[in-house]
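Please work through the exercises below with the sequence and the structure open beside you. Each task is followed by a solution that proceeds step by step.

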Amino acid sequence: MIVFDNVAKQYPGGYTALDGVSLKIAPGELVVLSGHSGAGKSTLLKLIPAIEHPSSGTVWINDQDVSRLSRRAIPYLRRNIGLVLQESRLLFDRPVYDNILLPLVINGHPPGDAARRVAAALDLVGLYGREKEYPAGLSGGEQQRVAIARAFVNRPSILIADEPTAHLDPAYAAEIADLFKSFNSAGVTVLVVTHDAALFRQWTPRRVILAHGRLVET
Amino acid sequence: MRNWLYLHSRAFKQAFARLAGQPLGTLLSALVMGIALALPAGGYILLDNVAALARGVSGTPEISLFLDSGAGPAEAALIEDRLQSEPELASFRFVPREEALQQLENSGLKDVLDGIAVNPLPDAFIITLRREDPALFEALSARMRDWPGVELVQLDSAWVKRLSALLELGRTVVLVLAGVLGLTLVIVTFNTIRLQILTQKSEIEVSRLLGATDRFIRRPFYWFGSLQGILGGLIALAAVWGGIVVLTAPVAALAETYGVMIVLAGPGWVESLAVIAFAAFLGWMGAAISVRRHLAAV
């Protein structure tokens, strides 16, 4: 369960990104978040893994008040949240395998189990057999699939994605959307920020729209 | 525990790969550290050898205990018993007055001694101690002077004091040198790790997003600093051994002019391990300070 309770976020300089946002996302829900540029979508998303902290209000993740988490507790929260950003944020000096392995190493998985999970994740995103390649040799869509595999390999209960299909052509974008739907079908709570309202339409997800830091439709 | 070991072995491999990935930079940093460490390490070894050389030239410091001219075998046996019960003694040797006279004759004074009808020399004990501690020499001599049958106790105290003071001065210089150059080593590591953090910035950021703790992120940098220190330590040892190889022949030639045989001794296992451990510690310390200072900014 993700709960935003009257959340506001002001940046230094006085810019208000979010203003009194209250939102509940049930476990296993697929939510598509949209809005104009600067509406506060990315800020809202960043509050979930405590990349940003609310100026007022509370953010609850699985009954845990994220806004009051100590600095030391934040890494453990993030291990249960899969994060896909607009840029893939891959490590370009490491092969695909090592990129996907990283969350498992951080989480202290035994090497044998980690190898099995990486293989399964590679298979899921259709990159099995290409684990020794480096990200620079992959297309934009493939890089984004590696990023998704990395976000999902730890089997998080929540998957959040910020414009994961922004730089992809429609065919690749549809593949990525399929992947998110398959995770959601497996019981994962999925929250996707996207400009492309048509992308997830066929699965009738819950739509949330932000405008000028306020919720206009939930 | 297994997980802890796995994480450390992974961090170690990561640090090793980073060092191996930039061989020239690694070599230059290790050389700076090695040279900085070679000076105090070489100084320490030099002091050891100087002490050995001084002992070779002047002999082991001794106490000469002269008996009363009237003292007979019974008194000598009594003193021998007392000497045997002294725990600080390394050895002692009884020199009968006849042997002392013979030694004096052999030293080129036969003509002078021929003119003396009676042997004027007393029986004596020549004593060596376990430690070259001037205070111990003084204390033992003072005690022996009160023993019955003892006429005179003569000690090499001036020589011992001079040598001891010289070695103490040398040790202090080496210690100060080690402190100053150790600081240099910490600064070198501090700067190397700062650059490492800058080049690994994106990996650090991604790792944090994926839930890495500060400890997880710091670990490879600690290993990097320690490994660089170990490399520096090994270079320092190689430099010290190189110095010993170069100096052995000239020092032996110099010692021979004093009638002494001397072979320069290099650092033993314990000293070698101490140099490497000290270097690794300094590398780790430089890394720890740098990581604490610079990771927060990433």
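The exercises that follow concern a predicted model, and they take up its cores, a sheet, the contact between chains and several salt bridges.

**Exercise 1. Nonpolar cores**

Task: Find which residues have the most contacts inside the largest nonpolar core, and which helix gives the most to this core.

Solution: Begin with the core itself, which has 57 residues, those with the most contacts inside it being I100(A), I148(A), F180(A) and F183(A). Next, turn to the helices: helix α3 of chain A, residues 96–106, gives the most to this core, with seven residues. Then look at the surroundings of I100(A), which, leaving aside residues up to four places away in sequence, touches V118(A), A121(A), L122(A), V146(A), A149(A), R150(A) and V153(A). Finally, note a second, separate core of 31 residues, which includes L18(A), V66(A), I160(A) and V193(A).

**Exercise 2. The sheet of chain B**

Task: Give the strand order of the open four-stranded sheet in chain B, and explain why one side of β2 and of β4 is left without a neighbour.

Solution: The order is β2-β3-β1-β4, with antiparallel pairing. Since β2 (89–95) and β4 (150–155) of chain B stand at the edges, each has a single partner strand, and so one side of each lacks a neighbour in the sheet. Inside this order, β1 (residues 62–67) and β3 (residues 124–129) of chain B pair over five bridges, and F125(B) in β3(B) is the bridge partner of L65(B). As a last step, add helix α5 of chain B (residues 134–145), which lies across β1, β2, β3 and β4 of that chain and runs at about 170° to β4(B).

**Exercise 3. The contact between the chains**

Task: Describe the contact between chain B and chain A by its residues, its buried area and its salt bridges.

Solution: Chain B contributes 18 residues and chain A 19 residues. The area buried between them is about 1,800 Å², of which carbon and sulfur atoms give 59%. The count of salt bridges between the two chains is three; R89(A) and E205(B) meet in a salt bridge at 3.1 Å, N to O.

**Exercise 4. Salt bridges within a chain**

Task: Explain why the pair D19(A) and R214(A) ties together parts distant in sequence, and decide whether R18(B) and E203(B) are buried or exposed.

Solution: The closest N and O atoms of D19(A) and R214(A) are 3.0 Å apart. Because D19(A) lies in strand β2 and R214(A) in strand β10 of chain A, the pair joins parts 195 residues apart in sequence. In chain B, R18(B) forms a salt bridge with E203(B), the closest N and O atoms being 4.0 Å apart; R18(B) belongs to helix α1 and E203(B) to helix α7, 185 residues apart. Both R18(B) and E203(B) are buried.

How values were computed
Residues numbered from 1 in each chain as written. Chains lettered and ligands numbered in written order. Predicted model: local features only at pLDDT ≥ 70, side-chain atom pairs only at ≥ 80, totals over all residues. Heavy atoms only, no water. Core = buried A, V, L, I, M, F, W, Y, C linked by side-chain atoms within 4.5 Å. Buried < 20%, exposed > 50% of the residue type's maximum accessible area, 1.4 Å probe, protein only. Helix = DSSP H or I, 4+ residues; strand = E, 2+ residues; numbered from the N terminus. Contact = heavy atoms within 4.5 Å. Pairing = 2+ DSSP bridges. Axes fitted to C-alpha atoms, helices over the stretch in contact; angles between N-to-C directions. Buried area = accessible area lost by both parts, 1.4 Å probe. Salt bridge = Lys/Arg side-chain N within 4 Å of Asp/Glu carboxyl O.
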